[in-house]
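Can you take me through the labels on this one and show the reasoning behind each? I'd like to see the number next to the rule every time.

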Amino acid sequence: MIKILVYDAKNYDRESFNKCLNDYSNIALEYLDTELSSQTIELAKGYDAICIFVNCQLDKVLIDKLLEYDIRLVLLRCAGFNNVDVEYAKKVGLTVLRVPAYSPEAIAEHAMALALAVNRHIHKAYIKVRENNFSLAGLTGINLYGKVAGIIGVGKIGACMCKICHGFGMKVIAYDLYPNKDLDFVEYVSLEELFKRSDLISLHCPATLENYHLINKQTISKMKDGVILINTSRGLLVDTDDLIAGIRNKKFSGVGLDVYEEEGDNVFENREDDILEHSTTSRLLSFPNVIITSHQAFLTEEALEAIAKTTLENAIGYFENNIDERNIVK
């Protein structure tokens, strides 16, 4: 029996994993509400593997503790792994497996939902009508039909976003080091041209050293006035202070963020009773043309099922020496 300890398990995690467990009689899961940390890592003693999510920082100290407890497998129930000290894990022989693709449509659909909501001021209209205010003041948007959508990163998620924008009747331009030739309606351009031409910019690229603060003072200055910016990828792609300056200078008609630089302490947590005195998140939320969601783009029933199934398959593959090479964090 393979014993796996699942850290920071939410109700939706338990439900999706328990549904899949019927097909994996040789796996036993135990769930913890708490996140993996130096205070909770001792709870992993006696298990064969642990399962964590993208908001857990797996550093050298925690990796050494896992090895001390004879745990050599970490299962990420997500695609991103910038929270893991990958080089150290490889050096000491800790295998880290991820879920590289679960439902690209889920994330692309959420990106478009943010674009539509912030463009048509759905968040403001909802609040106004609840207060019996049926005035249309401040709710004017633009037609996306006929406008230019600029997609940065055309992997599986970016490709889905391209198709959605194309379906809306938008002209789709994109930037990617490895253009997807199957999208014959997409025009590939340089980053500079994309910034200059786009009415809607949506980020779908990984957080790498090269992409760090891709959206900054210089690149914002190249954008059209009134551009819509959407980020469902990684918070580190956007320099938050420069973004705030751009919003104050009325560069953006709308900004939709499912990820942001300061999200580490906020993601999946209820902080409604906290006063975030020095929070850039609070500063962003003070603008009427900004919508922030809590890293929920992946959150569909289909995606959760795919995450659970791939995670369990990763565990089986490891212990049967049949790992899917695509899922190894390298």
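Below is a run of questions and answers about a predicted model, covering ring pairs, burial, contacts, empty space and backbone angles.

Q: What makes Phe53 and Phe298 an aromatic pair, and why is the pair called tilted?
A: Two Phe rings pair if their centres lie within 6.5 Å, and these two sit 5.5 Å apart, centre to centre. The planes make an angle of 50°. Stacked needs under 30 degrees and edge-to-face needs over 60, so what remains is tilted.

Q: How do you know which parts of the chain that pair ties together?
A: Look at where the two rings come from. Phe53 is in the loop between strand S3 (49-52) and helix H2 (60-68), while Phe298 belongs to the loop between strand S12 (290-292) and helix H11 (301-319), so the pair links parts 245 residues apart in sequence.

Q: Are those two residues buried or exposed, and how do you know?
A: The cut-off for buried is under 20% relative accessible area. Phe53 comes in at 9% and Phe298 at 5%, so both are buried.

Q: Why is the pair of Tyr318 and Phe319 called edge-to-face?
A: Their ring centres are 4.9 Å apart and the planes stand at 90°, so edge-to-face is the label. The angle it has to beat is 60 degrees. A search of the whole structure turns up two aromatic pairs.

Q: Why is Phe319 called partly exposed?
A: Its relative accessible area is 35%. Buried stops at 20% and exposed starts over 50%, so a value in between is partly exposed.

Q: What makes Lys3 count as lying over the face of Tyr47?
A: The distance from the ring centre is 5.2 Å, against a limit of 6 Å. The rule also asks for a position within 35 degrees of the ring normal, and Lys3 is listed as lying over the face of Tyr47.

Q: How do you know that Thr293 makes a polar contact with His110?
A: The two side chains come to 3.1 Å, and the limit for a pair of N or O atoms is 3.5 Å. Thr293 is in the loop between S12 and H11. At 15% relative accessible area, Thr293 is buried.

Q: What else does Thr293 touch?
A: Setting aside residues up to four places away in sequence, Thr293 touches His110, Leu114, Leu257, Asp258 and Tyr260.

Q: Which residues lie nearest the centre of the largest pocket, and which elements help line it?
A: Ile157, His204, Cys205, Pro206 and Ser233 lie nearest the centre, out of 46 lining residues. Helix H4 (104-119) and helix H6 (156-167) are the elements that give two or more residues to that lining. The largest share, three residues, comes from H6. The space in this pocket is about 1300 Å³.

Q: What lines the second largest cavity?
A: The lining is made up of Asp13, Ser16, Phe17, Phe53, Arg77, Phe298, Leu304 and Ile307. Helix H1 (11-21) and H11 each supply at least two of the lining residues, with the largest share, three residues, coming from H1. The space inside is about 30 Å³, and the count of cavities of 30 Å³ or more is two.

Q: Why is Asp13 called buried?
A: Its relative accessibility is 8%, and the buried label applies under 20%. Asp13 lies in helix H1. Leaving aside neighbours within four places in sequence, Asp13 is in contact with Asp8 and Arg77.

Q: What makes the phi angles of Asn132 and His295 worth a remark?
A: Most residues other than glycine have a negative phi. Asn132 is not a glycine, yet its phi is positive, about 60°. His295 also has a positive phi, near 50°, and is a residue other than glycine.

Q: Where do these two sit, and is each one buried or exposed?
A: Asn132 is in the loop between H5 and strand S6 (148-152), and at 61% relative accessible area it is exposed, the cut-off being over 50%. His295 is in the loop between S12 and H11, and its 11% makes it buried.

Terms used. Residues are numbered from 1 along each chain as its sequence is written. This is a predicted model: local features need pLDDT of at least 70, side-chain atom pairs count only at pLDDT 80 or more; totals for chains, interfaces and linings use all residues. Side-chain values use heavy atoms; hydrogens and water are left out. Rings of Phe, Tyr and Trp (its six-membered ring) pair if their centres lie within 6.5 Å; planes under 30 degrees apart count as stacked, over 60 as edge-to-face and the rest as tilted. Helices (H or I, at least four residues) and strands (E, at least two) are DSSP runs, numbered from the N terminus. Buried means under 20% relative accessible area, exposed over 50%, partly exposed in between (1.4 Å probe, protein chains only). A polar contact is a pair of N or O atoms within 3.5 Å; within protein, one must be able to donate a hydrogen and the other to accept it, and residues adjacent in sequence count only if both atoms are side-chain atoms. Contact means heavy atoms within 4.5 Å. On a 1 Å grid over the protein atoms alone, a cavity is a set of points where a 1.4 Å probe fits but cannot get out, and a pocket is an open set with protein on both sides within 12 Å along at least five of seven lines; lining residues have an atom within 4 Å of a point. Grid points are joined across faces, edges and corners, and a volume is the space filled by probe spheres set on the points.
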